[in-house]
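Q: I should like to learn how to read the features of a structure such as this one. Please take me through them in turn.

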Amino acid sequence: NLGVRPSFKEKNSKIHLEVHIFNFKRNIYGQEILVEFIKKTRDEQIFTSKEDLVSQIQKDESLIRHFLKVE
């Protein structure tokens, strides 16, 4: 996700970049990585519950795995 995370209603609407790396289990917090944008999945939206957000993330992941041909 690249955006302001509108579902969390933060006072400071800084832009955040959140990256999910498929099939990756190492802790790399604090390290530099290169992120390449390939295709936009959807616009940001506001979710009324954590469950709705998790459900949409699962749908996004399935769509992206299919697009990238990642198991």
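Q: In which helix do Arg-65 and Glu-61 both lie, and how many residues apart are they?

A: The model is a predicted one. Arg-65 and Glu-61 belong to helix α1, where they are four residues apart, or about one turn of the helix. Between Arg-65 and Glu-61 there is a salt bridge, its closest N and O atoms being 2.8 Å apart.

Q: Are Arg-65 and Glu-61 buried, partly exposed or exposed?

A: Buried means under 20% relative accessible area, exposed over 50%, and partly exposed in between. Arg-65 counts as buried because its relative accessibility is 17%. Glu-61, at 24% relative accessibility, counts as partly exposed.

Q: How many salt bridges does a search of the whole structure find?

A: The search finds four salt bridges. One of them joins Glu-18 to Arg-5, with the closest N and O atoms 2.9 Å apart. Glu-18 lies in the loop between β2 (16–17) and α1 and Arg-5 in the loop between β1 and β2, so this pair ties together parts that are 13 residues apart in sequence. Glu-18 counts as partly exposed at 35% relative accessibility, and Arg-5 is partly exposed as well, with a relative accessible area of 22%.

Q: With which residue does Lys-40 form a salt bridge?

A: The partner of Lys-40 is Asp-43, and the closest N and O atoms of the pair are 2.4 Å apart. Lys-40 counts as exposed at 59% relative accessibility; Asp-43 likewise counts as exposed, at 52%.

Q: How is the sign of a backbone phi angle to be read, and what is the phi of Arg-5?

A: Most residues other than glycine have a negative phi. A positive value in such a residue therefore deserves notice. In this model, phi of Arg-5 is near 50°, a positive value in a residue other than glycine. Arg-5 is in the loop between β1 and β2.

Q: What is the phi of Asn-23, and where is Asn-23 found?

A: Asn-23 is not a glycine, yet its phi is positive, at about 55°. The loop between β2 and α1 holds Asn-23. With a relative accessible area of 58%, Asn-23 is exposed.

Q: How is empty space located, and what is the volume of the largest pocket?

A: Rolling a probe the size of a water molecule over the atoms shows where empty space is left. In this structure the largest pocket has a volume of about 1400 Å³. Its lining is made of 34 residues, of which Asn-1, Glu-18, His-20, Thr-41 and Ile-64 lie nearest the centre of the pocket. Helix α1 (residues 50–68) gives the most to this lining, with eight residues. By class, the lining of the largest pocket comprises 19 nonpolar, five polar and ten charged residues.

Q: What is the volume of the second largest pocket, and which residues line it?

A: The second largest pocket has a volume of about 400 Å³. Among its lining residues are Leu-17, Glu-18, His-20, Phe-24, Arg-26, Tyr-29 and Gln-31. The lining of this pocket divides into seven nonpolar, three polar and two charged residues.

Q: Which residues make the nonpolar surface patch?

A: A nonpolar surface patch of about 880 Å² is made by Leu-2, Val-4, Ile-15, Leu-17, Val-19, Ile-21, Phe-24, Ile-33, Val-35 and Phe-37. Of these residues, Leu-2 has its place in strand β1 (residues 2–3). Leu-17 and Phe-24 are among the residues of this patch, and both also line the second largest pocket.

Notes:
Residues numbered from 1 in each chain as written. Predicted model: local features only at pLDDT ≥ 70, side-chain atom pairs only at ≥ 80, totals over all residues. Heavy atoms only, no water. Patch = residues over 30% accessible without salt bridge, like charges linked within 9 Å, V, L, I, M, F, W, Y side chains within 5 Å. Areas by Shrake-Rupley, 256 points an atom, 1.4 Å probe, with all protein chains shown as cover. Salt bridge = Lys/Arg side-chain N within 4 Å of Asp/Glu carboxyl O. Helix = DSSP H or I, 4+ residues; strand = E, 2+ residues; numbered from the N terminus. 1 Å grid on protein atoms, 1.4 Å probe; cavity = no way out; pocket = protein on both sides within 12 Å on 5 of 7 lines; lining within 4 Å. Points joined across faces, edges and corners; volume = space filled by probe spheres on them. Nonpolar A, V, L, I, M, F, W, Y, C, P; charged D, E, K, R; others polar. Buried < 20%, exposed > 50% of the residue type's maximum accessible area, 1.4 Å probe, protein only.
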